[in-house]
Amino acid sequence: MKILLVDDSAQIRRVLKELLADAATEFMECADGDEAPATYARYQPDFVLMDISMPRVNGITATRQILQTDPTARILILTNLAHDEFRQAAFDAGACGYVLKDDLLNLRQWLELLAQEVSVPTQLSTTEKGQFQ
């Protein structure tokens, strides 16, 4: 599976690559949301893991931009922001998942679940305690 990592933290991108190394065949990386639409169009990844808070273009905007050109894109928001308004904004933008960064151990399981749901959009989310909703 090809995964596009969009996060302004090189450390988070490195941790994600280590965590998902045996599940992914290829990783692409962007350090900001402004790079995400072009990178997505070029590589057509199976999944996008998108941070919300980035310096130039936030993850909600980048999610909308990607989905405007490819409505089948599967984008999971990966963030430290546990507030309901951010979660709702992510789903309103078209994200299929919302994972808190302190719950990364479940990320692989999420990707496997979403990979099985090829034709039906699914909204997966974790609570502040890391439980599925």
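This is a short tour of the structure, stop by stop, with something to select at each one.

**Before you start: the whole chain**

Keep in mind that you are looking at a predicted model. Begin with everything shown as a cartoon and colour the chain from one end to the other. How many helices and strands does the secondary structure of the chain come to? You should be able to count five helices and six strands. Now trace them along the sequence: the pattern reads β-α-β-α-β-α-β-α-β-α-β.

Next, switch on a surface. The chain has 133 residues, and 47% of them count as buried. Contacts in the chain can also be sorted by how far apart the partners are in sequence. Taking those with a separation of 6 or more, 60% are between residues 24 or more positions apart.

**Stop 1: Met28 in strand 2**

Select residues 26–30, which form strand 2, and pick out Met28 there. Is Met28 buried or exposed? Its relative accessible area is 5%, so Met28 counts as buried, the cut-off for that word being under 20%.

Show the residues around Met28. Leaving out neighbours within four places in sequence, Met28 is in contact with Lys2, Ile3, Leu4 and Leu5, and also with Thr39, Tyr43 and Pro45. For a distance to try in your viewer, go from the C-alpha of Met28 to the C-alpha of Lys17: these two residues are eleven apart in sequence and 9.8 Å apart in space.

**Stop 2: two cysteines**

Stay with the buried residues and select Cys30 and Cys96. Cys30 is buried, with a relative accessible area of 1%. Cys96 is buried as well, at 9%. How many disulfides does a search of the whole structure find? The search finds zero.

**Stop 3: helix 2 against helix 3**

Select residues 36–43 for helix 2 and residues 59–69 for helix 3. Turn the view until you can see both helices at once. The axes of helix 2 and helix 3 come within 9 Å and cross at roughly 35°. This crossing is right-handed.

Now show side chains. Which residues of helix 2 meet helix 3? Look for Ala36, Pro37 and Tyr40 on the helix 2 side, meeting Ala62, Gln65 and Ile66 on the helix 3 side. Five residues of this contact are nonpolar, one is polar and none is charged.

**Stop 4: Gln44, with a positive phi**

Move on to the loop between helix 2 and strand 3, where you will find Gln44. Check its backbone angles: phi of Gln44 is near 50°, a positive value in a residue other than glycine. Why is that worth a pause? Most residues other than glycine have a negative phi. On the surface, Gln44 is partly exposed, with a relative accessible area of 42%.

**Stop 5: Ser53, in the next loop on our route**

Select Ser53, which lies in the loop between strand 3 (47–50) and helix 3. With a relative accessibility of 42%, Ser53 counts as partly exposed. Beyond residues up to four places away in sequence, Ser53 touches Asp8 and Leu81. Ser53 and Leu81 are 28 residues apart in sequence, while their C-alpha atoms are 8.8 Å apart in space.

**Stop 6: helix 3 against helix 4**

Keep helix 3 selected and add residues 84–93, which are helix 4. The two helices pack at an angle of about 15°, with their axes 9 Å apart. Helix 3 and helix 4 are therefore roughly parallel to each other, a description used for angles under 35 degrees. The crossing of helix 3 and helix 4 is right-handed.

In this contact, Ile60, Thr63, Arg64 and Leu67 of helix 3 meet Phe86, Ala89, Ala90 and Ala93 of helix 4. Six of these residues are nonpolar, one is polar and one is charged.

Zoom in on Thr63 in helix 3. Thr63 is buried, with a relative accessible area of 0%. Not counting residues up to four places away in sequence, Thr63 touches Met50, Ile75, Ile77, Ala93, Gly94 and Ala95.

**Last stop: Glu112 in helix 5**

Finish at helix 5, residues 107–116, and select Glu112. Glu112 is partly exposed, with a relative accessible area of 38%. Now add Ala23: the two residues are 89 apart along the chain, and their C-alpha atoms are separated by 8.9 Å.

Terms used
Residues numbered from 1 in each chain as written. Predicted model: local features only at pLDDT ≥ 70, side-chain atom pairs only at ≥ 80, totals over all residues. Heavy atoms only, no water. Axes fitted to C-alpha atoms, helices over the stretch in contact; angles between N-to-C directions. Helix = DSSP H or I, 4+ residues; strand = E, 2+ residues; numbered from the N terminus. Parallel < 35°, antiparallel > 145°, perpendicular 65-115°, else oblique. Left-handed = near helix turned anticlockwise from the far one by under 90°. Contact = heavy atoms within 4.5 Å. Nonpolar A, V, L, I, M, F, W, Y, C, P; charged D, E, K, R; others polar. Disulfide = S-S within 2.5 Å. Buried < 20%, exposed > 50% of the residue type's maximum accessible area, 1.4 Å probe, protein only.
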